[in-house]
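Reader: Could you walk me through one part of this model at close range? I would love a connected account of how a single helix sits against its partner.

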Amino acid sequence: PWNLFKNGQMDDLASVMVAVLESLRVVAILLAPVMPNLSGNIWRQLGFVVPFEEVTWADALNGLLPAGQALQPDGPLFLRLDSEIAGAEGKKAAAKA
């Protein structure tokens, strides 16, 4: 998407972004049984006003992200893992092996 934006290909960029956001909508529904808090967070950030608890499996296939829906960003979905910490943990695991 960055190259599409840089090259002024806004129609193509819009198509890509709709596909990404629609994929996130479906992922939120499918993850709900194992990660309900994450799913609800994705749902809210996608700007839906329908409570996530009212969403059904059928909505994964039948629903669509409404055109022009405003996103409601509320920070990252996952905390950023400090690369130094991750590297240190990886070295510890390798040393134990």
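Author: Happy to. A helix axis here is a line fitted to C-alpha atoms over the stretch in contact, and the angle between two axes runs from 0 to 180 degrees between N-to-C directions. Please keep in mind that this is a predicted model.

With that in hand, look at helix α3, residues 36–45, beside helix α2, residues 10–31: their axes lie 8 Å apart and make an angle of about 155 degrees. Angles over 145 degrees count as roughly antiparallel, and α2 and α3 are therefore roughly antiparallel to each other. Their crossing is left-handed.

The contact itself brings L24, R25, A28, I29 and L31 of α2 together with P36, L38, S39, I42 and W43 of α3. By type, the residues of this contact are eight nonpolar, one polar and one charged.

Now to α3 on its own. Seven of its ten residues are buried, so α3 is largely enclosed by the rest of the structure. The buried residues are L38, S39, G40, N41, I42, W43 and Q45, and the buried residues of α3 pack against α2. Just after α3, G47 has a positive phi of about 90 degrees.

One residue on the other side of the contact deserves a visit. R25 belongs to helix α2, and R25 is buried because its relative accessible area is 2%, where buried means under 20%. Leaving aside residues up to four places away in sequence, R25 touches W43, L46, F48, D59, A60, G63, L64 and L65.

Notes. Residues numbered from 1 in each chain as written. Predicted model: local features only at pLDDT ≥ 70, side-chain atom pairs only at ≥ 80, totals over all residues. Heavy atoms only, no water. Helix = DSSP H or I, 4+ residues; strand = E, 2+ residues; numbered from the N terminus. Parallel < 35°, antiparallel > 145°, perpendicular 65-115°, else oblique. Left-handed = near helix turned anticlockwise from the far one by under 90°. Contact = heavy atoms within 4.5 Å. Nonpolar A, V, L, I, M, F, W, Y, C, P; charged D, E, K, R; others polar. Buried < 20%, exposed > 50% of the residue type's maximum accessible area, 1.4 Å probe, protein only.
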